[in-house]
Amino acid sequence: MARFAALLLLPVLIESVFSISFFLPVNSRKCLREEIHKDVLVTGEYDINDESNTKTNLKITDSSGHILYSKEDATKGKFAFTTEDYDMFEVCFESKSPMGTGRVPDQLVNLDMKHGVEAKNYEEIAKVEKLKPLEVELRRLEDLSESIVNDFAYMKRREEEMRDTNESTNTRVLYFSIFSMCCLIGLATWQVFYLRRFFKAKKLIE
């Protein structure tokens, strides 16, 4: 049973941890995007290889352009923020150097981001609340279970929204099809009467 529970919780843990390393060319900009739920704690740690005559700026924004974290001439540090709504968040690294492209080596950027249960410092919580190791693990599992329930509730809401959208679209398509058929029938009827009058005027038919 414990093994099954561990396998069930593993995908959630993987999705809550985001780690990446990449090279940032001089005078360039690279951004990473991730969708995160509402009221979720997000923490991160970055380490940028220092190069002479090169300054790297870090900025974290939401889809509305609100700045959640900003650091000029960033080299190494940490950040943390809590999301106010379900949104797409963007982490951007921008390298600037007066030396020009090709004269300065690319910078190595390491970024570790955690959100949800993985972002909480349970060691600090244990010290503050004086919890035993088993109690800390139970607290962590409780938070993780709550996160899973919230994820399923969100997926259910999205499924309901998509179903309502599909039903509304199907209804509109049906009404449009009926309207198109009525227009075609009306046009065909008008053509028949028009041609009949035309042929009568030309005395081709009685």
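Let me start in the loop between S2 and S3, where Asp39 is found. In this model, which is a predicted one, the phi angle of Asp39 is near 55 degrees, a positive value in a residue other than glycine. With a relative accessibility of 57%, Asp39 counts as exposed, because exposed here means over 50% relative accessible area.

A second residue belongs in this part of the talk, and that is Asp73, which lies in the loop between strand S5, residues 67-71, and S6. Phi of Asp73 is near 50 degrees, and again this is a positive value in a residue other than glycine. Asp73 has a relative accessible area of 43% and is therefore described as partly exposed.

Asp73 also takes us to the enclosed spaces, since Asp73 is one of the residues that line the second largest cavity. Which other residues line that cavity? They are Ile48, Asn49, Asp50, Thr54, Thr56, Ala74, Thr75 and Gln107. The space in this second largest cavity comes to about 30 Å³, and by class its lining is made of 2 nonpolar, 5 polar and 2 charged residues.

In total the count is 2 cavities of 30 Å³ or more, and the largest cavity has a volume of about 60 Å³. Strand S2, residues 29-36, and strand S7, residues 87-96, are the elements that give two or more residues to the lining of this largest cavity. The largest share, 4 residues, comes from S2. If you would like to find the place on the structure, the lining residues are Phe18, Leu32, Arg33, Glu34, Ile36, Ile60, Phe81, Phe89, Val91 and Met113. How does that lining divide by class? It has 8 nonpolar residues, no polar ones and 2 charged ones.

From the cavities I turn to an open space, the second largest pocket, which holds about 240 Å³. Three elements give two or more residues to its lining, namely strand S3 (41-48), strand S6 (76-82) and strand S8 (107-115). The residues that line this pocket are Thr43, Gly44, Glu45, Lys78, Phe79, Ala80, Asp112, Lys114, Glu118, Ala119, Lys120 and Asn121. Sorted by class, the lining of the second largest pocket has 3 nonpolar, 3 polar and 6 charged residues.

Next come the salt bridges, of which the count is 4, and I will go through some of them with the two partners side by side. In one of them, the side chains of Arg139 and Glu129 meet, with a distance of 2.7 Å from N to O. This pair links distant parts of the chain, for Arg139 is in helix H3 and Glu129 is in helix H2, residues 122-129, with the two partners 10 residues apart. Are these partners buried, partly exposed or exposed? Arg139 is partly exposed, at a relative accessible area of 25%, and Glu129 is partly exposed as well, at 41%.

Another salt bridge joins the side chains of Arg140 and Glu137, at 3.8 Å from N to O. Because these two residues are 3 apart in helix H3, about one helical turn separates them. Arg140 has a relative accessible area of 23%, which makes it partly exposed, and Glu137, at 38% relative accessibility, also counts as partly exposed.

Further along, Glu159 forms a salt bridge with Arg163, and here the closest N and O atoms are 3.1 Å apart. Glu159 and Arg163 are 4 residues apart in helix H3, so that about one helical turn lies between them. Glu159 is partly exposed, with a relative accessible area of 43%, and Arg163, at 36% relative accessibility, counts as partly exposed too.

I will finish on helix H3, which covers residues 133-201 and contains Tyr194. Which residues join Tyr194 in making a nonpolar surface patch? They are Leu187, Trp190, Leu195, Phe198 and Phe199, and the patch that these residues make with Tyr194 has an area of about 580 Å². Tyr194 itself has a relative accessible area of 40% and is partly exposed; a residue needs over 30% relative accessible area to be part of a patch, so Tyr194 passes that cut-off.

Technical notes: Residues numbered from 1 in each chain as written. Predicted model: local features only at pLDDT ≥ 70, side-chain atom pairs only at ≥ 80, totals over all residues. Heavy atoms only, no water. 1 Å grid on protein atoms, 1.4 Å probe; cavity = no way out; pocket = protein on both sides within 12 Å on 5 of 7 lines; lining within 4 Å. Points joined across faces, edges and corners; volume = space filled by probe spheres on them. Nonpolar A, V, L, I, M, F, W, Y, C, P; charged D, E, K, R; others polar. Patch = residues over 30% accessible without salt bridge, like charges linked within 9 Å, V, L, I, M, F, W, Y side chains within 5 Å. Areas by Shrake-Rupley, 256 points an atom, 1.4 Å probe, with all protein chains shown as cover. Buried < 20%, exposed > 50% of the residue type's maximum accessible area, 1.4 Å probe, protein only.
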